[in-house]
Structures are given as structure tokens and as C-alpha cells.
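Me: Please take one part of this model and go through it closely, then connect it to whatever else you can. I am in my first year, so plain wording would help.

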Amino acid sequence: MNKIISEKQEAINQIFEFIDDIYYQYSSSFGITDTELSILYALSEHDGEYLQSDICKEWSYSLQTIHTTIKNMEKRGLIELIRKADNKKNKYIHLTEAGRKLVDSIMMPLIAAEEEALGMLSAEEQDILLPILQKYAKALKEAVGKVERKTL
């Protein structure tokens with residue numbers, strides 16, 4: 001039997017799944033979803049300046065996933081949606097006081113752990129990691145986009 005997947009590609013996919021699982025386990029340990037964790041992450045840096053469409057575009061989530069998650073977070077009192085005078089069509093996402101407390105208790109330790117992990121790489125490794133990952137992601141998107149979709 002021929003190997004369909006190269007060992008390198010399999011290892012890359014396993015690494016990405018391993019990283020995804022780290023965030024999934026972390027979010028689950030606090031009783032939130034990994035999508036909620038991503039939204040809290042985004043809002044910890046951009047509170048009040050994010051639209052749902054921004055999160056979809058920048059974090060690669062579907063609008064439906066973000067919309068559902070935001071509605072659930074709004075019901076739980078973690079965020080509020082506010083229209084700004086200059087943009088009456090779209091609502092901006094703001095953390096409530098409860099949301100800020102959650103960011104402080106969940107996100108700050110996570111960000112510190114990420115910085116610690118990144119600090120375990122040399123300065124040179126840090127400088128090449130992001131461009132290589134971006135180049136790979138862009139190339140993968142282009143290559144997958146070329147695949148002809150066939151119905152079964």
C-alpha cells in the first residue's frame with residue numbers, strides 16, 4: 001500500500017491538532033467553549049473596537065458560529081453590543097464588568113503562558129516562526145482552493 005500522506009504533512013497536522021487541543025482543554029476547564037475563548041482573547045486586546053465581522057475575518061470563524069457564540073455570551077452578561085453613531089448598521093462588541101473579570105482570570109494567565117512558551121524559543125526562532133506559518137497557511141489555502149469539488 002502506498003503512503004498517501006507524507007510523514008512531514010502528518011506531523012504538521014498532528015502539531016496543529018495538538019495546539020488546538022491545548023486551547024480546547026484550557027477553555028473547557030473554565031466552562032467556556034474554545035470559540036468563547038477566542039472572542040475573549042480578541043476582546044482582551046480590542047475591547048469595543050471589534051465587530052462580529054472583524055472576528056470572523058481575523059480569526060477564521062464562520063459568521064454563524066460567531067453570531068451564536070456572541071448571543072450566548074450576551075445572555076450570560078459577558079458582553080454587550082453597542083451601536084456607534086458613525087456606524088449604525090453594525091454593533092461593536094464590548095466586555096461587561098463580568099466579561100472583564102473573566103478576561104482577567106482566564107486570559108491573562110493564558111497570555112502569560114503563551115509568552116513563556118514563546119520565550120523558550122530563541123530570538124531567531126521567534127523571528128522566523130510567524131512568517132513561515134503565514135507562508136504555509138497561505139500556500140495551503142491556495143492549494144486547497146484549486147481542488148476540484150466533486151459530488152459523490
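Reply: Take D34. In this predicted model, D34 has a relative accessible area of 33%, so it counts as partly exposed. Partly exposed covers the range between buried, under 20%, and exposed, over 50%. D34 is found in helix α2, which spans residues 34-46.

D34 belongs to a group. Together with E17, D20 and D21, it forms a patch of negative charge on the surface. Residues in such a patch need over 30% relative accessible area, and the 33% of D34 meets that condition. Helix α1, residues 7-29, gives the largest share of the negative patch, with 3 residues.

Helix α1 also takes part in a surface patch of another kind. I15, F16, F18, I19, I22, L118, L129 and L133 make a nonpolar surface patch of about 690 Å². Here α1 gives the most, with 5 residues, and both α1 and α6 (123-145) supply at least two residues each. One member to look at is I15, which sits in helix α1. Its relative accessible area is 47%, so I15 is partly exposed.

Now go back to helix α2, where E36 also sits. Is E36 buried or exposed? Its relative accessibility is 5%, which means that E36 counts as buried. E36 has a charged partner: its side chain and that of R76 meet in a salt bridge, with 2.4 Å from N to O. In general, side chains of opposite charge can pair when their charged atoms come close. R76 lies in the loop between α4 and β2, 40 residues from E36, so this pair links distant parts of the chain. The two partners differ in cover: R76 counts as partly exposed at 43%, while E36 is buried at 5%.

The structure holds 2 salt bridges. The other pair is K71 and E74, whose side chains meet at 3.5 Å, N to O. K71 and E74 are 3 residues apart in helix α4, so about one helical turn separates them. K71 has a relative accessibility of 30% and counts as partly exposed. E74 is likewise partly exposed, with a relative accessible area of 30%.

Helix α2 and helix α4 also contribute to the interior. The largest nonpolar core has 24 residues, and L40, I79 and M107 touch the most other members. At least two residues of this core come from each of α2, α3 (52-59), α4 (63-75), β2 (79-84), β3 (87-95) and α5 (97-119). The largest share, 6 residues, comes from α5. As a general point, nonpolar side chains in soluble globular proteins tend to be buried together.

One backbone detail remains, in the loop between α3 and α4, where S60 lies. S60 has a positive phi of about 60°, although it is not a glycine. Its relative accessible area is 67%, so S60 is exposed.

To return to the starting point, helix α2 holds D34 and E36. D34 is partly exposed and is part of the negative surface patch, whereas E36 is buried and meets R76 in a salt bridge. The same helix supplies at least two residues to the largest nonpolar core.

Methods. Residues are numbered from 1 along each chain as its sequence is written. This is a predicted model: local features need pLDDT of at least 70, side-chain atom pairs count only at pLDDT 80 or more; totals for chains, interfaces and linings use all residues. Side-chain values use heavy atoms; hydrogens and water are left out. Patches are made of residues with over 30% relative accessible area and no salt bridge: like charges are joined within 9 Å, nonpolar side chains (Val, Leu, Ile, Met, Phe, Trp, Tyr) within 5 Å. Accessible areas come from the Shrake-Rupley method with a 1.4 Å probe; for residues, only the protein chains shown count as cover. A salt bridge is a side-chain nitrogen of Lys or Arg within 4 Å of a carboxyl oxygen of Asp or Glu. Lys and Arg count as positive and Asp and Glu as negative; His and the chain ends are not counted. The place of a charge is taken as NZ of Lys, CZ of Arg, CG of Asp or CD of Glu. Helices (H or I, at least four residues) and strands (E, at least two) are DSSP runs, numbered from the N terminus. Buried means under 20% relative accessible area, exposed over 50%, partly exposed in between (1.4 Å probe, protein chains only). A nonpolar core is a set of buried Ala, Val, Leu, Ile, Met, Phe, Trp, Tyr and Cys residues joined through side-chain atoms within 4.5 Å.
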